[in-house]
Amino acid sequence: ENGTHKGWQSRNIEFYPETFFKKVLENNNIVYEFNKPIKKRDLGVDCDNNYFLDFYLPECNIDLEIDGKQHGYEDRKEKDKIRDSHISGFYHIYRIKWKSINNEKGKKYMKEEIDKFLNFYNSLK
């Protein structure tokens, strides 16, 4: 209305990749907080807005990010880079590029990515 942006806010919509990864984490008995807000000011950023962690895994202090195709656009890559530079001093960031599991290639890719993530997670325990 007045030309200012409120910053990122939590959303009530849950997308399929998020639902899918909730099941992956639950099936592997991994405790998580979904869409966890982190105050930018707590990270040393002079701003009153929040970042949101897709999945915060407190046991290993991991920020698990599931990246849809929008994360491939140049402006979003730059925002992710800035975000990650702020968060990486406080959390282990692990990004998984989402691919549809509607075909064998996508299923194979996601299984490999999940296996890599589980290896990473277990290496921090």
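## Working through the sheet, the cores and the charges

Here's the starting point: four strands form an open sheet in the order 1-2-3-4, with mixed pairing. Strands here are DSSP E runs of at least two residues, helices are H or I runs of at least four, both numbered from the N terminus, and two strands pair if DSSP finds at least two bridges between them. The model is predicted, so local features need pLDDT of at least 70 and side-chain atom pairs pLDDT 80 or more, while totals for chains, interfaces and linings use all residues. Residues are numbered from 1 along each chain as its sequence is written, and side-chain values use heavy atoms, with hydrogens and water left out.

**Exercise 1. Find the strands at the edges of the sheet, then follow the chain from strand 3 to strand 4.**

Step 1. Strand 1 (33–39) and strand 4 each have a single partner strand, so one side of each has no neighbour in the sheet.

Step 2. Strand 3 (residues 62–67) pairs with strand 4 (residues 92–97) in the parallel sense, over six bridges. To get across, the chain goes from strand 3 through helix 2 (residues 74–87) to strand 4, a right-handed β-α-β crossover. Right-handed means that, with the strands pointing away from the viewer, the path from the first strand over the helix to the second runs clockwise.

Step 3. Check the register: I62 stands opposite H92 in strand 4, and D67 has K97 as its bridge partner there.

**Exercise 2. Work out which elements build the largest nonpolar core.**

Step 1. Get the term straight: a nonpolar core is a set of buried Ala, Val, Leu, Ile, Met, Phe, Trp, Tyr and Cys residues joined through side-chain atoms within 4.5 Å. Buried means under 20% relative accessible area, exposed over 50%, and partly exposed in between (1.4 Å probe, protein chains only).

Step 2. The largest core has 22 residues, and F21, L57, L64 and F117 have the most contacts inside it. Helix 1 (16–27), strand 2 (50–57), strand 3, strand 4 and helix 3 (104–124) each give two or more residues to this core. Helix 3 supplies the largest share, six residues.

Step 3. Zoom in on L57. Leaving out residues up to four places away in sequence, L57 touches L25, I30, V31, Y32, I62, F117 and Y121; a contact means heavy atoms within 4.5 Å.

**Exercise 3. Sort three salt bridges by where their partners sit.**

Step 1. The structure holds 16 salt bridges, each a side-chain nitrogen of Lys or Arg within 4 Å of a carboxyl oxygen of Asp or Glu.

Step 2. D63 and R83 meet at 3.1 Å, N to O. This pair links distant parts of the chain, with D63 in strand 3 and R83 in helix 2, 20 residues apart. D63 is buried at 0% relative accessible area, and R83 also counts as buried, at 7%.

Step 3. D67 and R95 meet at 2.7 Å, N to O. D67 lies in strand 3 and R95 in strand 4, so the pair ties together parts 28 residues apart in sequence. D67 is buried at 9%, whereas R95 is partly exposed at 25%.

Step 4. E113 and K116 have their closest N and O atoms 2.9 Å apart. Both lie in helix 3, three residues apart, about one turn of the helix.

Step 5. Now put the pieces together: D63, E65, D67, R76, D80, R83, D84 and R95 are linked in a network of salt bridges.
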